[in-house]
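Visitor: I would like a close look at a single part of this structure. Please take one helix and follow what lies around it.

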Amino acid sequence: MSDFLSERARTLPYSGIREVFDLAGTMDGVIHLEIGEPDFKTPPSIVKASFRAAAAGMTHYTSSAGVPELRARIAERLASELGIPFGPAEVTVTAGGMEALLLAMLVTLDPGDEVIVPSPHWPNYEAHVLLCGGTIKRLRLEESQGFRLDPVALRNAVSERTKALILNSPHNPTGAVLDDERLEGVAKLARDRDLLVFADEAYACLTFEGRPFRSIASLAGMKERTVIVRTFSKSHAMTGWRVGYLVAPRALAERAARLHEHTSACTSSVSQAAALAAFDVPAETTGKMVREYEGRRDLLVRGLKRIPGLRVWKSEGTFYLFVAVDAFGIPALELAKRLLLEERVAVAPGTAFGEEGEGYVRLCFANSRANLREAVRRMRVFFAGLQTPTPC
Ligand SMILES: Cc1ncc(COP(=O)(O)O)c(C=O)c1O
């Protein structure tokens with residue numbers, strides 16, 4: 001009998017992070033540094049707003065594009081941040097940034113269209129492009145350049161078939177934040193070669209040392225060729241609420257909303273009420289979370305730098321560290337599994353982010369300081385037990 005699976009389902013990639021996570025789920029006493037989500041609770045004012053909304057009967061379908069007040073608030077906030085006008089018609093509210101990216105690709109990519117994906121990369125991009133029938137061209141991000149996208153290498157990667165590129169800054173998994181010069185270079189290329197930019201700004205709120213975040217859409221001639229994707233998941237510790245949004249030229253945003261009509265109708269009404277309340281959370285509250293992440297990053301960097309053989313690149317944003325383990329000569333997935341089985345520390349193998357991630361592991365520091373200290377202690381034991389690293 002047939003298994004009825006489509007070719008699409010058959011070939012959908014399986015995340016290497018899940019492989020470690022599933023194995024960790026069968027064990028006790030594991031320190032989880034493999035999954036990327038805030039460990040903070042959603043601010044209470046947001047939770048209360050959702051209760052109030054549900055009690056008041058906000059339990060029906062909403063417009064596919066999202067609740068008008070929320071779309072207006074998003075447009076207003078973005079206009080003031082980027083210094084260019086945005087209106088609610090350019091906003092579609094989605095189930096997290098994930099759905100925003102998928103909808104954006106579904107309304108812009110035709111089979112055979114090429115998308116440049118700087119790599120290592122967040123694994124979902126690959127699945128999203130494949131679901132649209134597009135093809136992926138990966139462009140290696142070099143550790144020697146602080147994992148920042150190089151506009152010259154990007155120019156060389158563009159072909160006749162390239163329709164779009166993914167720009168993820170602050171970057172998952174490396175934590176790199178694109179500086180203005182590179183951002184200008186990418187924007188110039190996009191304008192010269194008529195490219196669309198999927199600007200994944202999921203971590204826009206999470207930069208360290210007061211480093212300002214700048215959206216590529218704010219540069220001259222870019223708003224009309226950029227789909228901005230953002231989410232409340234990371235900024236307000238709201239991963240489970242599933243609210244994000246895309247902001248795009250009106251025709252694209254409208255098509256994304258129309259597509260939404262055929263997938264989930266709309267984003268959860270109660271979650272949209274929660275997201276609306278997120279705009280009233282004082283900047284001091286969210287700023288405190290960012291400062292705490294920064295302190296944890298520093299703690300982890302200090303500890304890991306004392307372990308012979310590891311190369312630690314200090315992330316500039318997000319809550320990840322991308323650590324080079326190539327000196328030990330063990331494939332990243334095997335090393336991650338051994339670290340888990342022998343010392344009960346779960347990390348994501350770099351290869352979960354594309355083959356360019358071989359030789360690295362990603363650690364998420366959205367975890368308590370006590371756990372991070374203990375993870376460093378266990379890692380010191382683990383790496384000391386491996387063969388002497390070759391000098392790097
Ligand atoms: C780079 C990046 N983009 C987008 C997302 C989407 O997050 P969500 O769907 O929770 O908004 C994530 C989540 O981990 C991410 O790491």
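**A helix and its cover**

Guide: In helix α12, the buried residues are Met 289, Tyr 293, Arg 296, Arg 297, Leu 300 and Leu 304. The model is a predicted one. Helix α12 covers residues 283–305, which makes 23 residues. At 1.5 Å a residue the helix should span 33 Å, and its end C-alpha atoms are 33 Å apart, so the expected span and the model agree.

What lies over the buried residues of α12? The cover includes three strands, β9 (311–313), β10 (320–324) and β13 (360–364), and also the helix α14 (369–385).

Take β10 next. Of the 5 residues in β10, 4 are buried, so the strand is mostly covered by the cut-off used here, 20 or more other C-beta atoms within 10 Å. β10 pairs with β9 in the antiparallel sense, over 3 bridges. In this pairing, Val 312 has Val 323 of β10 as its bridge partner. β9 and β10 form a hairpin with 6 residues between the strands. In that hairpin, Thr 318 takes a positive phi near 65 degrees.

β10 also pairs with β13, again in the antiparallel sense, and here there are 5 bridges. Leu 321 stands opposite Leu 363, a residue of β13.

To return to the start: β9, β10 and β13 are among the elements that cover the buried residues of α12, and β10 pairs with β9 and with β13.

Conventions
Residues are numbered from 1 along each chain as its sequence is written. This is a predicted model: local features need pLDDT of at least 70, side-chain atom pairs count only at pLDDT 80 or more; totals for chains, interfaces and linings use all residues. Helices (H or I, at least four residues) and strands (E, at least two) are DSSP runs, numbered from the N terminus. The expected span of a helix is 1.5 Å times one less than its number of residues. A residue is buried if 20 or more other C-beta atoms lie within 10 Å of its own, exposed if 12 or fewer, and partly exposed in between; C-beta atoms are placed from the backbone. Two residues are in contact if their C-beta atoms, placed from the backbone, lie within 7 Å. Two strands pair if DSSP finds at least two bridges between them.
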